[in-house]
Amino acid sequence: MDRRSRASSLRQRTAARGRKAGQAQATQQAQQKKIEAAKQRAEEKQAIEDQRLIDSYASEDDLLRAYEQNIELIEQQVVTTKADLANRQTSLDKLVARAADMERTGKPVNDQLKQMISSERVQIGRQQEYLNSKLKSKVVAKTQFDLNVKRYRDVLKRDAARQAGTTPK
């Protein structure tokens, strides 16, 4: 390769590197804009949620009352579900005892009784899952309440600082 060819090749490689660097910078800028836009949307969403929280509850006591009502409703559902589970378990126990009596006397357990036992077990399983979900929802409600109270206080503090012309800490 002569000197001209090498110089031309070097210029082409340098220009290609420059284009790649420019492309990388443009990609990075586009990603930064996306991040900033997402951050802006999150801030706008939080502002709407904050306003909804303040509009929904006149005081922290109102927030507490709503939480207590929610917990009371969940606890009523838990009590009802536990009672239903106990009744279903009693029913299942009776069906299983009847099937056992049939087997002890040498009679085959009929398909209808087998189906009733199977159905009761399925219903007990579903009720147990529902009970577990209600117990979990109690924990979630407490966590959400704690977050709402903190947010409520923060928003009130921020709004009071704005009105006073200061920055909240």
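**Legends: a predicted three-helix chain**

**View 1. Contacts along the chain.** Among contacts (heavy atoms within 4.5 Å) between residues at least 6 apart in sequence, 72% join residues at least 24 apart. This is a predicted model: local features need pLDDT of at least 70, side-chain atom pairs count only at pLDDT 80 or more, and totals for chains, interfaces and linings use all residues. Residues are numbered from 1 along each chain as its sequence is written, and side-chain values use heavy atoms, without hydrogens or water.

**View 2. Helices and surface.** The chain holds 3 helices and 0 strands (DSSP runs: H or I, at least four residues; E, at least two). From the N terminus the order is α-α-α. Of 169 residues, 16% count as buried, that is, under 20% relative accessible area with a 1.4 Å probe. The exposed surface is about 13,200 Å² (Shrake-Rupley, 1.4 Å probe). Carbon and sulfur atoms supply 51% of that area.

**View 3. The largest pocket.** Its space is about 170 Å³, the volume filled by probe spheres set on the points. A pocket is an open set of points on a 1 Å grid where a 1.4 Å probe fits, with protein on both sides within 12 Å along at least five of seven lines.

**View 4. The pocket lining.** Lining residues have an atom within 4 Å of a point. Q46, E49, D50, R52, L53, Q144, L147, N148 and R151 line the largest pocket. α1 (3-56) and α3 (111-164) each supply at least two of them. α1 gives the most, with 5 residues. By class, the lining has 2 nonpolar, 3 polar and 4 charged residues.

Definitions and conventions:
Buried < 20%, exposed > 50% of the residue type's maximum accessible area, 1.4 Å probe, protein only. Nonpolar A, V, L, I, M, F, W, Y, C, P; charged D, E, K, R; others polar.
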